[in-house]
Amino acid sequence: MRTRPNVIGGVVAAVWLAIVLIPVLLMLRAAFDTQAGYAQNGPLALPRTLTLENFVAAIDGGFLRNLANSAIITAGTVGLVLLVVPPLSFAIVRSTSRTVANAFRLMLLGLAIPAQVVVVPVSYLIIQLGLNNSLLGVILPTTAFAIPVCTLVLTGAMRNIGDELYEAMAIDGASTMRIYTRMVLPLSKGGLATVIVFAALQAWNGFLLPLVLARSPEVTVATVALNQFRSQYSVNIPGLMAAVVLTIIPILLVYLFARRALVAGVMGMGGK
Amino acid sequence: MTGHNPKTTNERVSSKMNSHIARRIGAISVAGALIMGLAGCAGANSASSSRPENEVHLLVFNDAAAAAEEALADKFNETSDVKIVVDKSPETESVAYINGVRQSLGTPDAPDIFMSWGAAQVQDFVDSGALLSYNDWIGQTPALRDAFSPAVFDQEVIDGQAYGIPVRGTQPVFLFNNASVLAANGLKPATTWKDLLSQVDTLKAAGVTPIGLAGASQWPTLMWFEYVYAQTVGNDKVAQALAGDTSVWDSAESREALDMLRQLVDAGAFGTTFDSVDYDNSPALLRSGKSAYELMGTWNYAVQAGADATFADSGLGYSAFPAFGSQPKGQLAGNVSNYYNVTADTRYPDTVKAFLQELYSPEFVQSELALGNLPTTTDVGQYIGDAPGTASAKKFLEFTNDAVQAAPSFQLSWDQAVPTASKQGMLDAMSGFFSGTLDADGFVKAMQGLQY
Amino acid sequence: MTVPTRADRSTRRRGGLHHAGRPGALWAAPAVLFFTVFALLPLAYAVYLSFTKYNGIAIAAPRLVGGENWARLASDPAVPQALWLSVVLVVLAVVTQTPVALLIGVWTAGPQRGRAVVAALYFVPLLMSAAAIAVLFSALIDPNFGLPAALPWLFGDGNLLGTSPSAMAVVAFVLAWQYVPFHSLIYQAAARAVPPVLYQAAAIDGAGTVRQFFSITLPQLRNTLITSVILMVVGTFTTFETILIITNGGPSGGTTILAYLMYVTGFGAAANYGYASVIAVVLILIATVISLGMVRLTGFDRMRGTQEGI
């Protein structure tokens, strides 16, 4: 254990803390101010009156719909990912099939493809499938592009399960499916948490795919709606900031209630 | 061992791998062909059979001026079995709006009626056969064409086929001002270029940005070029240049225009931060008194009124662009009109035709006037005096109408007049000139390099 | 990664335990099919589109025009410029984010009590989407209604987006604000995993904090460093909403990186899906080369352990 304090690290940490917190505080301060007050006093002065009217205005304007759309896309993506990725990872770790080995190589290749570069043909495909302007049309490609990283992470987690455990299950006469559900999945909880966190963040924060594939107001997601608000609210900064705060609240709640899992999930993305 | 395969282990492994890979590729290709085939079938099912029943969809550009169109649809629905459903586009900018329509063509989401700003925007659509020509309907009901000013109607006649019915109104560009700021500095709205330049100095000294410019949005910068060129080069030559005569950009008059613009920018007329301001925020500059002038289209009146009705009533001033030069006075630039286009596969053409016939009805003309729009029907003049709306709105309409009637020429916004592929290049050249990264030669070269 | 060979199957004869829990290829099928249909096929289709003329009107199918779009690539100055801007942004990102994230990650890994609380505060940007962060900063840097108007001594004339270098710096700053917390968390986890015995041994030998950092911490974090930098490079290369919302690619294309150029070419005024696909293919090739190159260069695929000799 180091006994002398890490001064340089401490200074950098302090400075960066200020850099992180100041915009956040400004955002919160603006969100609770009145539009007139903000216009008069500028962004730095303390608000004379605290008000919730900006939040009410954003909700009245239909922002809850946008948040719900984001939530649906997130739930759909996470659900699909949890459906298809664990079996794939299990197969990669345990299967003797050459096909599966090639599938793993495919996934590694897929890591280099960000969703953006195929947004043009994906939009064409989605239009042809008749899924244009639907949430499903966003969920499907988002899931597809989350698969490589999730597979990689989960495969890493599942590799830690030793052969002897499999053999023990085999002695008890367990079938492959039973081994999967009774042993592999429970032992991969850490990896699964990371996968859920990654897929959820990808889906919740997604912008380009919903921008291109889900334009009409009923299916607009929160991130795209925020961008639209910039024109709508113009210099009504308090109104705009209230909308931004509203997009943070769902994740903040998850953070408060599941902090450990969330942090472990993010750390897990760095790999071991 | 009997049946022992004479091949070595490695060869067996690699040949098995090859056949696995081959099978894999085969499977992917089959899946791919299936998907594309299905997709093709899904797309080929003509959209009109999957269009909603008993509905005609109108996609309005959802800014302050959309209210009149919505009201018209409501009234029309009272007497129509097939209902007009108003969809409000989430896009706040013309390119994004048109591209939204573009992407939905051929799907059940496609609108039946949508809006455009000029022929260049819909050229693609016409080429793909996606738009309905109005020629047959005009044959049945000539008023569809004759009710409108011919110069305006002809903007969206392409190869002899009419594709657009004028709607909303004509939107020339004027020099708006904040009357209190001017008065506080003992100034009146500038009428000549020299006047404008000297006012710039006075306003700067008073700590006001003389002219607000949303440089980040780029098209407001275009407006300055449009007017200075109109009065040095003349709109006739400009039209030729936009049609492909690139020598105009290098002419003496063009260079003179560039010098004048350079002088204005260097005098600090637009402040120093215009490249960081976009049109979401620039009207607020004028409203709040941080700037004294803004060169903007007539829709700006509705925008200002929507944000601050008191300011629109008593604080917002407007005038024609400062005059100078030997070209005919009173030349205008801006949006000649908006137009309603109809998709070729619309399911209820009769309903659409009946709806379009309302666009020149006195009631609709009056509702547009109430919003501060100036319709381009030939008889609009007689309705202005009785238009509902505030006294200041009426005054603005009369000012606009007089200017339009008296204008020797009305140049369509340059970015609507060139092919869409050249729009960005042109705007970049203008922004570059204003911010100083391009000099006059650079600008001329850039403009000459565009496709027309 | 060991690829199962035919030899493994012979162990079946030896007793069957080894055969336990061996899923067949069918288990991999759903994910692979999904990925193929929605990622690989569009990828192949992007290559196909790059040889067509298509303006986004679904009823007028793409028309093959041979190498016309690719020929345009050779003479178009916008693409090399966009590539250059992408490289500049990536370098800026790595140079600003790595040292800060490293120092903060190592610092928050320390056992002192207060550090856990501070670490929780660092997490806040992670709660915000890229779009939300971009909207926040876009409002904050407005020259007339944001911070520059209130703090002229800090921001000068406030024309932060007026020149390409300045606008790029703004984008790089916002990206750092967004991603440093993420990377510092990764470093924090890795720093915690460094065996204390190494530090104890070094302390006995009389090494100070700085010496320990460079001789022990950094080498132990080697794999994490590589992962973090790879994620940073690929992530920065595909920055999108930050640029769309704050600079719109401006001034005059001054922040139009390759990914943004691709979007504007396809979904902007030009609506040139064919040429946009050309840019997409270029982007894919570069991303692949970068990933493979970095992995090869750093020996990452051999995954050298950092625990040898302990």
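Two residues are taken to be in contact if their C-beta atoms, placed from the backbone, lie within 7 Å. The structure examined here is a predicted model.

In chain B, this criterion locates the packing partners of helix α5, which spans residues 119-127. The buried residues of α5(B) are B:Ala120, B:Gln121, B:Val122, B:Asp124 and B:Phe125. These buried positions pack against helical elements of chain B, namely α4 (94-104), α21 (414-417) and α22 (420-435), and also against the strands β3 (113-116) and β12 (338-342). Just after α5(B), the backbone at B:Gly129 adopts a positive phi of about 70 degrees.

Chain A contains 14 helices and zero strands. Its C-alpha atoms fill a box of roughly 75 × 65 × 30 Å along the principal axes. Of the 272 residues in chain A, 56% count as buried. Among contacts in this chain between residues at least 6 apart in sequence, 79% join residues at least 24 apart.

A packing between chains A and C involves helix α1 of chain A (residues 7-31) and helix α6 of chain C (residues 130-140). The axes of α1(A) and α6(C) lie 11 Å apart and form an angle of about 80 degrees. Angles of 65 to 115 degrees count as roughly perpendicular, and the two helices are therefore assigned to that class. On the chain A side, A:Pro23, A:Leu26 and A:Met27 of α1(A) meet C:Leu136, C:Phe137 and C:Leu140 of α6(C). By class, this contact has six nonpolar residues, with no polar and no charged residues.

Conventions:
Residues numbered from 1 in each chain as written. Chains lettered and ligands numbered in written order. Predicted model: local features only at pLDDT ≥ 70, side-chain atom pairs only at ≥ 80, totals over all residues. Helix = DSSP H or I, 4+ residues; strand = E, 2+ residues; numbered from the N terminus. Buried ≥ 20, exposed ≤ 12 C-beta atoms within 10 Å, placed from the backbone. Axes fitted to C-alpha atoms, helices over the stretch in contact; angles between N-to-C directions. Parallel < 35°, antiparallel > 145°, perpendicular 65-115°, else oblique. Nonpolar A, V, L, I, M, F, W, Y, C, P; charged D, E, K, R; others polar.
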